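User: Please take a close look at one single residue in this structure, and then work outward from it, step by step, to the parts of the chain that help to place it.

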Amino acid sequence: MTTLEERAWKTPPWESLRAGPGFRLADVDRASTPGWHGSKKDAEELLAHLGSEMSELQERLFARGRKGDQRSVLLVLQGLDTAGKGGIARHVIGMVDPQGVVIRNFGPPSLEEREHHFLWRIHRALPGAGRIGVFDRSHYEDVLVVRVEGLVPEATWQARYAEINGFEEDVVAGGTTIIKCALMVSHEEQGARLLERLDRPEKHWKYNPNDLPTRLRWDDYQEAYQAVFDRTSTPEAPWYVIPANHKWYARLAVAELLTEALRRMSLEWPPADFNVDAERAKLAATMVTPSRRSVQAEDEDLEHAELAGIDVPAEGGPPAVPSQKANGKGKGKDGNGKKRP
Ligand code: ATP
């Protein structure tokens, strides 16, 4: 953890937000910011910092995936309409290289999907090696909307909790870290957000008249969510319940959970599977100036020097700091991709 993280989180989100035994959704104040003792400004600063850490860790995960490491990460986002799932995809996941991320949205099953087991479409959408998968809604809709709307007989949806647990256990055993986040807004806040969508023409596209019938069944959905937390928050794939009235808090919390999961994967850069010195010698033989550094490396040094507040000589001169790249660390981060404080 960095200094700001340590100072501002009294209890880290992976402890304060985890739905453990005895968890009661009704007791969650949706406007609260559990564990966080910093300001909104601190949160924004930390989010930006986590963005660069996450970005490097994601690149390491991706690089390892290319070299045979089978591991991946799956972020499951659940929440009622307006809870902010889209904002998480844009503001948190948007901070990492899109080439390493696969985002899937799950709406009502298609005709083809309905002909299969409810986990069929989920299985097909799991992230491959080295990827971060994001599910905007998920297989949990099959015990949420399906339960509330009575779309299948009760015996069918009742059996699904155990099926989901078994499925997730297999997915985790296959090398995927699952992070399940439920974004929870208050009834009042949802009303205000829906109204805003009606008031602002640029938000009309986000408004769906079908959201109102769902809102009318608020209590049923709360009960269905409680059952999800009671029955599917497992040691392998726990639920994190995130109060989401404050968007800045929800985004920070998800960024922390994702970053921490990546940190725990010990993602060293994959070792070269070729002889580096032999390749260097062969490359040098093709160059007029064998030790010439790339313009890109020089630009990066200038960038790091500027970030560190060090005066940079004008036009082409070397910065007054030793190259981070040259001492093998890169981007001012330690071996685990964390920015040095
Ligand atoms: P969102 O409401 O998530 O922003 P959207 O408005 O673009 O998304 P879709 O993604 O097309 O709409 O569909 C979301 C809707 O699909 C939700 O109302 C959700 O409850 C419903 N849904 C998702 N999975 C299922 C399922 N397995 N069975 C029935 N309905 C489902």
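Analyst: E113 is partly exposed, because 16 other C-beta atoms lie within 10 Å, a count that falls between the limit of 12 or fewer for an exposed residue and that of 20 or more for a buried one. The model is a predicted one, and this description should be read in that light. E113 belongs to helix α5, which covers residues 111-114, and, when residues up to four places away in sequence are left aside, E113 touches W120 and R121. A distant reference point is L283, 170 residues away from E113 along the chain, with 52 Å between the two C-alpha atoms.

That separation can be set against the overall frame. The C-alpha atoms of the protein fill a box of roughly 75 × 40 × 40 Å along the principal axes, and the chain is divided into domain 1, residues 3-263, and domain 2, residues 288-341. The centres of these two domains, taken over C-alpha atoms, are 37 Å apart. The protein contains 14 helices and 5 strands, and buried residues account for 28% of its 341 residues. Of the contacts between residues at least 6 apart in sequence, 80% join residues at least 24 apart.

Moving from E113 to the strands, one finds a series of parallel pairings. Strand β2, residues 101-105, pairs with β3 in the parallel sense over 5 bridges, and within this pairing N105 has D136 as its bridge partner in β3. β3 also pairs with β1, again in the parallel sense and over 5 bridges, with F135 of β3 as the bridge partner of V76. β1, residues 72-79, in turn pairs with β4 over 8 bridges, also in parallel, and here V73 has T177 as its partner in β4. Finally, β4 is joined by 5 bridges to β5, residues 239-243, and these two strands run parallel as well; A182 is bridged to V241 in β5.

β4 repays attention within this arrangement. Strand β4 spans residues 176-184, and 9 of its 9 residues are buried, so the strand is largely enclosed by the rest of the structure. Both of its faces are covered, with T176, I178, K180, A182 and M184 buried on one side, and T177, I179, C181 and L183 buried on the other. One of the residues on the first of these faces, A182, is also touched by Y225, which has further contacts with L25 and L144 when residues up to four places away in sequence are not counted. Y225 sits in helix α11, residues 218-232, and counts as buried because 23 other C-beta atoms lie within 10 Å of its own. R197, by contrast, is 28 residues from Y225 in sequence, and 25 Å lie between their C-alpha atoms.

The ligand gives another view of the strand ends and loops. Around it stand D81, N105, F106, G107, P108, P109, R137, E141, D142, V145, V146 and N208, a shell that divides into 5 nonpolar, 3 polar and 4 charged residues. N105, one of this shell, is the residue already met as the partner of D136 in β3. R137, also around the ligand, is placed in the loop between β3, residues 132-136, and α7, residues 145-148. Its backbone deserves a note, since most residues other than glycine have a negative phi. R137 is not a glycine and yet has a positive phi of about 70 degrees. R137 is partly exposed, given the 17 other C-beta atoms within 10 Å.

A second backbone of this kind occurs at S266, which is not a glycine either and has a positive phi of about 45 degrees. S266 is found in the loop between α12, residues 247-263, and α13, residues 276-284, and S266 counts as exposed because its C-beta neighbours inside 10 Å number 9.

How far these details can be trusted depends on the confidence of the prediction. The average pLDDT over the protein is 92, and 91% of the residues score at least 70. Residues 319-341 stand apart, since pLDDT stays under 50 there, although the model has 44 contacts beyond four places in sequence for that stretch. Where pLDDT is low, the predicted coordinates should not be read in detail.

Methods:
Residues are numbered from 1 along each chain as its sequence is written. This is a predicted model: local features need pLDDT of at least 70, side-chain atom pairs count only at pLDDT 80 or more; totals for chains, interfaces and linings use all residues. Domain bounds come from an automatic or database domain assignment. Helices (H or I, at least four residues) and strands (E, at least two) are DSSP runs, numbered from the N terminus. Two residues are in contact if their C-beta atoms, placed from the backbone, lie within 7 Å. Two strands pair if DSSP finds at least two bridges between them. A residue is near a molecule or strand if its C-beta atom, placed from the backbone, lies within 6 Å of it. Ala, Val, Leu, Ile, Met, Phe, Trp, Tyr, Cys and Pro count as nonpolar, Asp, Glu, Lys and Arg as charged, and the others, Gly among them, as polar. pLDDT is the predictor's confidence in each residue, from 0 to 100.
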